[in-house]
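Open the model in your viewer and keep the sequence panel beside it. The stops below each name a selection to make and then say what is there.

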Amino acid sequence: MATWLQLGFQDASSPLMEELIYFHDYILIVLVLITVVVFYGLFSLLFISFTDRFFLESQGLETVWTIVPAFILVFIAFPSLQLLYLIDEINDPCLTIKVIGHQWYWSYEYTDYCDLDFDSYMVSLSDLSTGFPRLLEVDNRVVVPVQNSVRVLVSSSDVLHSWAVPSLGVKMDAVPGRLNQLTFLSPRSGVFYGQCSEICGANHSFMPIVIESVPFNVFENWVFSFVES
Ligand SMILES: [Cu+2]
């Protein structure tokens, strides 16, 4: 969960997010190096008196400042593509959840074990218990088994929404008439918060996502309790 004045990413709760943060840090190192070199060049132009104002053409110099950036771009492009394909990987999921975006709540369907479906509304401020995060808690959480690959099918019944959980490193557009797919795996138990990430109307800010990652037997009990009630 994001905390007050947090500027960086949330802590990773999935291998995917760990890779994303690692890639982000790597890009930042490249970025800082380039910025330093460019600014050094700019300021040295202002302050040194050795500049040759009649220096017109240099094939050698132009070759160098074309090849070097191209080389740097290759070193960014390959890890980027690798990560892109890693995100798309569907690796034998143990569970499939269908998520439908509505104005303004999410509904979830578990159809692997039985016909289990429910709506997930935000808990309003007046109903919120002490200790729960404001505008992020929902009445029905999405419960998933820990250490298992979970596939999520995302769609919408009305307008564009986006199902996003930052600490798991997932964000998928919910498009009416289209079924999008993502997978995540949470190696640790916990509660992960997310929000709709595509502006969808007046209550866009009030349709959060809460994922509860629990051991498999707890997950089974949750499924049974749902079916019995
Ligand atoms: Cu929205």
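Start by selecting residues 63–87 in this predicted model. This stretch is 100% helix and 0% strand, and its end C-alpha atoms lie 36 Å apart. In UniProt, an unreviewed entry annotates residues 63–87 as "transmembrane region", and gives residues 26–51 that annotation too. Add residues 26–51 to the selection to show both annotated stretches.

**The two domains**

Next, colour the chain by domain. Domain 1 covers residues 15–88, and domain 2 covers residues 95–228. Their centres, taken over C-alpha atoms, are 40 Å apart. Where the two domains are in contact, domain 1 contributes four residues and domain 2 contributes seven residues.

**The copper site**

Now select the copper ion and show the residues that coordinate it. Which atoms coordinate the copper ion? They are SG of Cys196, O of Glu198, SG of Cys200 and ND1 of His204, at 1.9 to 2.6 Å. Along the chain these donors follow the spacing C-x1-E-x1-C-x3-H.

Turn the view until the four donor atoms can be seen separately. The angles among them run from 89 to 126°, and the site of the copper ion is tetrahedral. For comparison, the ideal angle for four tetrahedral donors is 109.5 degrees.

Switch on a surface for the protein and look at two of these residues. Cys196 has a relative accessible area of 6%, so Cys196 is buried. Glu198 has 25% relative accessibility and therefore counts as partly exposed.

**The salt bridges**

The next stop is a set of charged side chains. Side chains of opposite charge can pair when their charged atoms come close. How many salt bridges does the structure hold? There are three.

Select Lys98 and Glu109 for one of them. The closest N and O atoms of this pair are 3.9 Å apart. Lys98 belongs to strand S1 (residues 95–102) and Glu109 to strand S2 (residues 105–110); the pair links distant parts of the chain, eleven residues apart. Lys98 is partly exposed, at 29% relative accessibility. Glu109 is also partly exposed, at 25% relative accessibility.

Then select Glu137, Arg141 and Glu212, which are linked in a network of salt bridges. Between Glu137 and Arg141, the closest N and O atoms are 2.9 Å apart. Are Glu137 and Arg141 buried or exposed? Both are buried.

Follow Arg141 to its other partner, Glu212, where the closest N and O atoms are 3.0 Å apart. Arg141 sits in the loop between strand S3 (116–120) and strand S4 (142–145), while Glu212 sits in strand S10 (residues 209–214), so this salt bridge ties together parts that are 71 residues apart in sequence. Glu212 is partly exposed, with a relative accessible area of 23%.

**His102 and its contacts**

Go back to strand S1 and select His102, which lies in this strand. His102 counts as buried because its relative accessibility is 15%, and buried means under 20%. Which residues does His102 touch, not counting residues up to four places away in sequence? Show Ser107, Ser157, Asp158, His161 and Met207 to see these contacts.

**Backbone details**

The last stops need the backbone drawn as sticks. Most residues other than glycine have a negative phi, and most peptide bonds are trans. The following places depart from that pattern.

- Select Gln103 and Trp104: the peptide bond from Gln103 to Trp104 is cis, with omega near -5°. Trp104 is found in the loop between S1 and S2.
- Select Leu5: although not a glycine, Leu5 has a positive phi of about 65°. Leu5 is in the segment before helix H1 (15–47) and counts as exposed, at 65% relative accessibility.
- Select Gln147: phi is near 60° in Gln147, a positive value in a residue other than glycine. Gln147 is in the loop between S4 and strand S5 (149–156) and is exposed, with a relative accessible area of 56%.

Notes
Residues numbered from 1 in each chain as written. Predicted model: local features only at pLDDT ≥ 70, side-chain atom pairs only at ≥ 80, totals over all residues. Heavy atoms only, no water. UniProt positions renumbered as here; feature names shortened; annotations may be inferred. Helix = DSSP H or I, 4+ residues; strand = E, 2+ residues; numbered from the N terminus. Salt bridge = Lys/Arg side-chain N within 4 Å of Asp/Glu carboxyl O. Buried < 20%, exposed > 50% of the residue type's maximum accessible area, 1.4 Å probe, protein only. Donors = N, O, S within 2.8 Å, 3.2 Å for Na, K, Ca; no water. Tetrahedral: all angles 85-135°; square planar, octahedral: opposite > 155°, others 65-115°. Domains from an automatic or database assignment. Contact = heavy atoms within 4.5 Å.
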